[in-house]
Amino acid sequence: MDPKFTEVSQLFDRFKAAFLRNDFDSASNLLSQLKVLLTGFRSLPPLFADTPNAVQELTIARDIYEHAVVLSVKIEDQDAFERDFFQLKPYYTDARNRLPQSPQEYPILGLNLLRLLVQNRIAEFHTELELLSSTALENPCIKHAVELEQSFMEGAYNRVLSARQTVPHETYVYFMDLLAKTIRDEIARCSEKAYDYLSINDAKQMLLFTKDQELLEYIKEEHPEWEIKNGSVYFQKAKDSAPCKEIPSLQLINQTLSYARELERIV
């Protein structure tokens, strides 16, 4: 066995042990070392050199990057998720004919779709969706993300929030919680523009909370500028603090008249 492969394999075992005991600091340090060691394998993307241990090296590298993606979710680091996913993606596409399919492929692809949805990167969401096979689209992990996007676009926010109870993989919970916050923030932004005040009960229903205390904690943490008095939530202070842009009406009128004169001259 190649000594370099043995070193990577042993270090990966240490990484998995740290990961399983939730020692994420140690796991992150070991992951950095593993990534450096992987650069010594010429069989990996983008070279794909036909070395004697190519299949074993591709397999362990894919496994390492899959664990890296899950680790980024555990430590709630979206930037690391994006980096690790793009390092992993060639193993699902370019190396597809060199390796048997990974059981983690569809859960991770679905997780990436969910991340794009949370970050409101809808165009990229659909681009990634177009690259998937018909078999992949039938997988529960992919279908979960697709159905969420449809509900999100339709404004069926109750369906989005209830989907947290039926996630196809435990790693999805982190992004589902972020998606719930994104939805509530958007509803809150629209509510303070549309209403001067709402009763606590109406505000609770509109922001999709089940208990008054949940609403009060949300207001305290996210919108301290809202006022709660006489059983209602008042948005006036938020409106007063919002910057007001003056419309240069006279300038617009002059420009319009100038365009009209020029058009008349041309005709």
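A contact is defined here as heavy atoms within 4.5 Å. Among contacts between residues at least 6 apart in sequence, 61% join residues at least 24 apart. This is a predicted model, in which local features need pLDDT of at least 70, side-chain atom pairs count only at pLDDT 80 or more, and totals for chains, interfaces and linings use all residues. Residues are numbered from 1 along each chain as its sequence is written, and side-chain values use heavy atoms, with hydrogens and water left out.

The chain holds 14 helices and three strands, assigned as DSSP runs (helices H or I, at least four residues; strands E, at least two) and numbered from the N terminus. Overall values for the chain are tabulated below.

| Property of the chain | Value |
|---|---|
| Radius of gyration | 26 Å |
| C-alpha box along the principal axes | roughly 80 × 65 × 35 Å |
| Exposed area | about 15,800 Å² |

A compact globule of 267 residues would have a radius of gyration near 18 Å; the radius is taken over C-alpha atoms, and the globule rule is 2.2 Å times the number of residues to the power 0.38. Carbon and sulfur atoms supply 52% of the exposed area, which comes from the Shrake-Rupley method with a 1.4 Å probe. Of the 267 residues, 41% count as buried, meaning under 20% relative accessible area (1.4 Å probe, protein chains only).

Helix α3 spans residues 54-74 and reaches 30 Å from its first C-alpha to its last, close to the expected 30 Å, a value given by 1.5 Å times one less than its number of residues. Because 16 of its 21 residues are buried, α3 is largely enclosed by the rest of the structure. E76, which follows α3, has a positive phi near 55 degrees.

Conventions. Buried means under 20% relative accessible area, exposed over 50%, partly exposed in between (1.4 Å probe, protein chains only).
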